[in-house]
Amino acid sequence: MRVPLILLAACSMALLATGPATATGPLGPLAPPNPFLGPLGTATMHGDAGSSDATPLAGPGAGPVSVSAYPLASACPTLLEGSDNLVVALCTAIVDRTPTVHLIDPAAPGPIGHSLAAFPLAKGSLLGGVYAYLDNNDRLVVVDGENRMLRIGHARDATGRWRLTSEQVADLSAVIPVGDNVTGLVPDWSGNVWFATGKGVVGLVAAAGAVATVTLPVGEQVANSISAAPSGRIAIATTHALYELRADSSGRPEVLWRAAYERGSARKPGQLSWGTGSTPTYFGPNTGADYLTIVDNADGQVNALVFRSGTGQLVCAQPVLTKGGAGSENSPIGLGRSLFVASTYGYPYPAVPEGAGPAVPPTAPFTGGMTRVDVADNGCHTVWENTVRSAAVPHLSTADGAVYTVTRVGLDTTTPLDGYAFTVLDPDTGAVTARRPLPGTTVDDPLQMSPLITHGRQLLQGTVTGVLRVG
């Protein structure tokens with residue numbers, strides 16, 4: 001998934017079964033926690049270093065819920081929770097597009113509306129600095145618009161008020177060309193902080209501060225975040241190919257393998273780049289990172305591509321989203337032998353990044369659709385498909401066995417009057433088990449942003465104007 005910050009410029013749930021639903025029992029395992037990240041499930045936009053979009057935390061469940069809002073006058077794509085149960089949100093102000101870090105207490109009772117503290121960052125590319133993470137000291141690691149890698153911590157001052165303070169980790173301006181910005185950021189299991197820029201510079205910052213880089217082929221853009229596995233491998237998807245890298249014996253990035261994929265003849269409506277919309281997802285039944293998956297951008301029918309981590313061997317190219325819109329801007333959920341893909345084809349983004357190219361066709365209905373695929377040693381098969389119109393990145397809780405998302409309510413031909421609903425699904429069948437209306441229309445559009453399931457069984461969802469709290 002690439003978060004559409006440039007949005008600031010501007011339901012039927014019937015299940016369509018493709019065969020008998022397969023009850024699978026417990027899903028898993030998750031990969032071991034990265035020792036340089038905050039709590040498992042809440043330290044990155046996609047939950048963990050491997051971008052599984054799965055969490056060991058229980059969500060609000062299928063019963064009655066209450067809804068509150070943080071109207072921050074900002075789009076808030078990055079919501080992370082530390083070991084102190086405070087949420088660090090990276091948002092972009094609507095008025096001047098200044099990236100701003102907010103500190104939020106999700107357990108605050110009653111009406112809510114303001115952050116505990118705020119810290120503005122230097123502006124850069126609209127996609128720069130989106131994929132921040134929390135380190136093992138609950139500090140936000142982010143690259144600002146001046147290509148400085150920062151760690152932003154929080155503490156109470158002498159008067160008891162919360163303050164956010166910044167410490168520079170590294171200056172990346174010498175290795176990042178003018179006009180380029182970091183789009184992906186993740187630590188490996190040795191403590192190196194890896195980054196990738198929109199124009200294909202991949203680098204790592206060692207614990208001592210040394211910076212080393214490698215440049216991917218000219219013309220390949222990185223439009224999503226990057227992922228890490230316990231093996232020390234790093235996964236990066238460009239607009240042309242999927243890569244795995246690692247640090248070589250001298251501490252420099254080394255490409256292990258490259259796999260080109262079908263990028264199609266053009267960008268599709270409901271996608272923000274001409275290529276995969278996936279942040280690569282590590283998953284698997286043994287280590288939690290045996291496989292690596294993305295969704296391609298093939299013309300007509302798209303496919304979930306599953307590779308073996310370490311070798312790049314293609315396990316399968318399984319057609320997905322055959323009952324709904326054939327295209328996805330979101331990272332798949334990956335857990336055990338299962339992956340879950342949600343359609344964004346036709347989703348009405350108000351604008352797209354510069355250089356993304358025209359969509360073909362220019363617009364399309366947002367029909368939605370989700371697919372579950374299970375992986376065997378000799379291939380893959382589709383377990384179910386549905387027509388759920390997910391308007392956010394779905395997340396799977398291993399604690400309560402539910403998939404959580406926010407769905408768009410209205411006709412397939414979208415309008416600004418469409419509504420939204422907090423929605424819970426059964427991962428075994430794809431059936432909707434609960435749907436609760438949310439307040440607001442276009443000003444509360446989650447715009448395919450990733451929610452956060454907190455330690456307090458709440459779901460926080462970023463919107464174009466702030467944050468909704470469900471639970």
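**Strand β30 and its sheet**

Modeller: Buried residues make up 60% of the 471 residues in the protein chain, and since everything here is computed, please keep in mind that this is a predicted model.

Colleague: Noted. How many helices and strands does the chain have?

Modeller: The protein chain has 34 strands and 0 helices, and its C-alpha trace spans about 55 × 50 × 40 Å along the principal axes.

Colleague: Let's go to β30. Is it enclosed or not, and why?

Modeller: Strand β30, residues 419–425, is largely enclosed by the rest of the structure, because 7 of its 7 residues are buried, with buried meaning under 20% relative accessible area.

Colleague: And which residues sit on which side of β30?

Modeller: G419, A421, T423 and L425 lie on one side, while Y420, F422 and V424 lie on the other, and with every one of these buried, both faces of the strand are covered. In a regular strand, the side chains alternate between the two faces of the sheet.

Colleague: Which strands does β30 pair with?

Modeller: On the one hand there is β29, residues 402–409, which runs antiparallel to β30 and is joined to it by 7 bridges; within that pairing, R408 stands opposite Y420. On the other hand there is β31, residues 432–438, which pairs with β30 in the antiparallel sense over 6 bridges, and here F422 stands opposite R436.

Colleague: What links β30 to β31?

Modeller: The two strands form a hairpin with 6 residues between them, and G430, which belongs to the turn, has a positive phi of about 80°.

Colleague: Zooming out, what is the strand order in the sheet?

Modeller: The sheet is open and consists of 5 strands in the order β2-β28-β29-β30-β31, with mixed pairing. β2 (54–55) and β31 are at the edges with a single partner strand each, so one side of each has no neighbour in the sheet.

Colleague: Where does a parallel pairing come in?

Modeller: β2 and β28, the latter covering residues 395–397, pair in the parallel sense over 2 bridges, and the bridge partner of T55 in β28 is S397.

Colleague: Different topic: how many positive and negative side chains are there?

Modeller: The protein chain has 27 positive and 35 negative side chains, and the centres of these two sets lie 3 Å apart.

Colleague: Last one: what about the accessible surface?

Modeller: The accessible surface of the protein chain comes to about 16,100 Å², and carbon and sulfur atoms account for 55% of that area.

Technical notes: Residues are numbered from 1 along each chain as its sequence is written. This is a predicted model: local features need pLDDT of at least 70, side-chain atom pairs count only at pLDDT 80 or more; totals for chains, interfaces and linings use all residues. Side-chain values use heavy atoms; hydrogens and water are left out. Buried means under 20% relative accessible area, exposed over 50%, partly exposed in between (1.4 Å probe, protein chains only). Helices (H or I, at least four residues) and strands (E, at least two) are DSSP runs, numbered from the N terminus. Two strands pair if DSSP finds at least two bridges between them. Accessible areas come from the Shrake-Rupley method with a 1.4 Å probe; for residues, only the protein chains shown count as cover. Lys and Arg count as positive and Asp and Glu as negative; His and the chain ends are not counted. The place of a charge is taken as NZ of Lys, CZ of Arg, CG of Asp or CD of Glu.
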